[in-house]
Amino acid sequence: MSSKKEFVSVLQYLDNKSILVIGAAGFLGKIFVEKILRVAPHVRKLYLLLRASGEKSATERFNNEILGKDLFKVVKEKYGQNLNLILEKVTIVNGDICLDNLGLNHIDSELEDQMVQQLDAIINLAATTNFDERYDVALGINTLGSANALNFAKRCAKVKVFVHVSTAYVSGEKSGVVMETPYRMGETLNGAIGLDINQEQKLVKEKHSQLQATGASPETITKAMKDFGHARAKVYGWPNTYVFTKAMGEMIIGAKREDMSLVIIRPSIVTSTYKEPFPGWTEGIRTIDSIAAGYGTGKLTCFLGDINSVSDVIPADMVVNTMLVSMAAQAARQKETIYHVTSSMKNPFKNEKMPEIAYRYFTTKPWTNKEGKVVRVGKVDVLSSMPSFHRYMTIRYILPLKGLELLNMVLFKSLEKKFRDLNRKISLVLRLVDLYQPYLFFYGIFDDTNTANLQKLLPVTGVETEIFYIDPKIINWDDYFMYTHLPGLVKYVFK
């Protein structure tokens with residue numbers, strides 16, 4: 001007896017649904033909102049939780065930071081005169097993930113009641129993705145904020161699925177195959193015991209109070225809180241504050257979900273859109289892009305990384321598609337499922353490719369700087385180990401800096417500014433390398449069995465397979481970087 005194959009329809013799932021999106025102003029958040037408005041005009045409501053920022057109200061932020069972006073041009077063209085009818089489905093909610101009850105106590109209780117009664121799904125995309133964030137800030141958003149979002153979901157009468165976007169790099173610097181398994185409360189990467197989120201919260205408060213008590217300047221406090229996060233992450237085996245606080249975020253929602261259906265999405269390095277709403281849209285400089293940007297603008301002459309290892313990259317639209325398919329698949333299941341949205345298993349992108357693609361791109365289309373000068377790039381020096389990087393830095397920069405320091409003293413400090421500038425540049429490069437090193441020498445391969453199974457829930461052919469493509473095998477990396485990603489980076493990020 002053959003069992004009938006089960007398929008899901010994402011479009012049917014989205015029909016008449018009310019969805020709360022937390023973190024809609026972020027890179028993936030915008031793409032998620034755009035996709036739903038574009039492909040699912042019968043969605044009932046999209047509630048977007050946005051924080052008022054300074055003088056800007058939450059609604060102003062929506063108009064400028066979300067709707068005002070190029071990303072939304074396809075939606076605007078599609079609906080034309082009827083755009084307002086679609087936008088009526090969007091409700092801006094002034095709140096803050098760092099506050100209890102998402103800060104909704106300050107809004108009209110009618111809106112809050114409506115959300116509690118009507119919501120079908122909650123998507124948490126809020127995060128600070130800065131590797132070098134202050135510990136108090138990262139803990140507040142990435143860890144405790146996730147708990148606040150889940151607590152709100154548990155108050156809602158109809159919420160069937162809670163989607164939490166994490167990162168594949170919660171695995172730290174693991175090598176070999178990294179499985180789609182959850183982190184349990186208190187679990188650490190190096191086997192150290194005693195990790196306790198409440199305790200971390202307490203330590204952060206104590207550290208902050210001590211700094212304030214000594215009358216430290218805001219700059220000193222910021223630097224100390226950054227260093228503190230870095231140190232706490234290292235105690236338990238994580239390479240930086242970002243992945244440490246994201247791992248604790250996963251732990252806390254896994255432990256507190258009760259019978260809530262939970263999806264944890266773990267993307268690797270997210271790059272510009274592959275196909276929709278159009279190829280190459282991106283925003284801000286992400287991990288791998290800081291090297292490409294530094295090289296293309298002539299500031300960086302070397303590439304650091306093991307050329308034999310793999311950079312796990314995934315276009316942003318594939319991440320969003322996986323979120324949408326997972327919502328439809330998971331809505332009726334009371335369990336926790338983790339999806340690696342990654343490429344290293346199915347379609348690995350070798351590090352050795354990047355320097356040659358960048359050289360090819362920036363020699364055929366050199367960047368023109370603010371002064372109108374064309375920046376010519378040369379072949380990249382590839383440094384494939386940390387000792388070779390330190391040697392390179394010593395010969396190219398640190399010895400000249402020492403010479404400059406001596407000359408500066410002989411010339412009665414007349415070269416002080418030059419010396420300070422060079423010193424600052426070198427410190428910045430060393431700090432960036434320290435932060436990014438775990439990803440430039442990463443030897444893990446992300447298992448994506450759950451994500452592959454998700455793909456099987458879409459019919460092999462048909463409109464939904466076209467709309468919700470999630471298979472990294474369809475990407476030709478050389479073409480993608482050469483004709484989509486690098487042009488997008490130059491257009492939207494190089495200023």
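Two strands count as paired if DSSP finds at least two bridges between them. With that in hand, let's walk through this predicted model.

**The sheet**

Strand β2, residues 45-50, runs parallel to β3 and pairs with it over 5 bridges. Within this pairing, Leu48 sits opposite Ile92 of β3. Helix α3, residues 58-67, lies across β2 and β3, and its direction makes about 125 degrees with β3. Another helix, α12 (residues 316-330), packs on the sheet as well, at about 165 degrees to the direction of β7. The strands that α12 touches are listed here.

| Strand touched by α12 | Residues |
|---|---|
| β1 | residues 18-22 |
| β4 | residues 121-124 |
| β5 | residues 161-165 |
| β7 | residues 262-267 |
| β12 | residues 336-341 |

How are the strands ordered overall? The open sheet has 7 strands with parallel pairing, in the order β3-β2-β1-β4-β5-β7-β12. At its edges are β3 (90-94) and β12 (336-341), each of which pairs on one side only. On average, neighbouring strands are turned by 20 degrees against each other, direction ignored.

**The core**

In soluble globular proteins, nonpolar side chains tend to be buried together. Here, the largest nonpolar core contains 169 residues. Ile19, Leu20, Phe32, Ile122 and Phe152 have the most contacts inside this core. Helix α12 supplies the largest share, 10 residues.

Which residues does Leu20 contact, leaving aside neighbours within four places in sequence? They are Tyr47, Leu49, Leu102, Met115, Leu119, Ala121, Ile122, Ile123 and Phe152.

How values were computed. Residues are numbered from 1 along each chain as its sequence is written. This is a predicted model: local features need pLDDT of at least 70, side-chain atom pairs count only at pLDDT 80 or more; totals for chains, interfaces and linings use all residues. Side-chain values use heavy atoms; hydrogens and water are left out. Helices (H or I, at least four residues) and strands (E, at least two) are DSSP runs, numbered from the N terminus. Axes are lines fitted to C-alpha atoms, for helices over the stretch in contact, and angles run from 0 to 180 degrees between N-to-C directions. Contact means heavy atoms within 4.5 Å. A nonpolar core is a set of buried Ala, Val, Leu, Ile, Met, Phe, Trp, Tyr and Cys residues joined through side-chain atoms within 4.5 Å. Buried means under 20% relative accessible area, exposed over 50%, partly exposed in between (1.4 Å probe, protein chains only).
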